[in-house]
Amino acid sequence: MATEQELQSLFNELDTDRDGKVSINELFLSPGLSAIISAETGITSPQELVLQYDSDGDRSITFEDLKRAVEKANNLT
Ligand SMILES: [Ca+2]
Ligand SMILES: [Ca+2]
């Protein structure tokens, strides 16, 4: 379980190039953080997460996309 605030800081840490989006590559660059995302979303692979929740097709997820994934898994507190 995570709060929106915890998710936001996790998202910011994953967004290493600070473009406001988290790409598959950025997820692979931070395996420790990706593991937390997997636990919160129930989706084990970065590709799968981006495939399912990328709302505009640029192969990156926004914070809103991530939030939807965590909400769907009922892990947003
Ligand atoms: Ca980024
Ligand atoms: Ca996107």
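These are my notebook entries on a predicted model, covering one helix, one residue and one annotation.

**Entry: helix α1**

I began with helix α1, which runs over residues 4–14. I looked up its buried residues and found L7, L10, F11 and L14. Viewed down the axis of α1, these buried residues fall within an arc of 100°, so they line one face of the helix. That fits a rule I like to keep at hand: an α-helix has 3.6 residues a turn, so residues three or four places apart point the same way.

Then I turned to the other side of α1, where Q5 and S9 are exposed. I also checked what covers the buried residues of α1. The cover includes strand β1 (22–23) and the helices α2 (24–29), α3 (31–41) and α5 (63–72).

**Entry: T41**

Next I picked T41, which sits in helix α3. Is T41 buried or exposed? I found T41 buried, because 20 other C-beta atoms lie within 10 Å, and the cut-off for buried is 20 or more.

I set aside the neighbours within four places in sequence and listed the contacts of T41: L49, A69, V70 and A73. I also looked up T41 against E6. The two are 35 residues apart in sequence, and their C-alpha atoms are 14 Å apart in space.

**Entry: the annotated spans**

Last, I went to the UniProt record, an unreviewed entry. Its annotation "domain: EF-hand" covers residues 2–37 and 41–76. For residues 2–37, I noted 67% helix and 6% strand, with the end C-alpha atoms 10 Å apart. For residues 41–76, I noted 53% helix and 6% strand, with the end C-alpha atoms 9 Å apart.

How values were computed: Residues numbered from 1 in each chain as written. Chains lettered and ligands numbered in written order. Predicted model: local features only at pLDDT ≥ 70, side-chain atom pairs only at ≥ 80, totals over all residues. Buried ≥ 20, exposed ≤ 12 C-beta atoms within 10 Å, placed from the backbone. Helix = DSSP H or I, 4+ residues; strand = E, 2+ residues; numbered from the N terminus. Arc of directions from axis to C-beta. Contact = placed C-beta atoms within 7 Å. UniProt positions renumbered as here; feature names shortened; annotations may be inferred.
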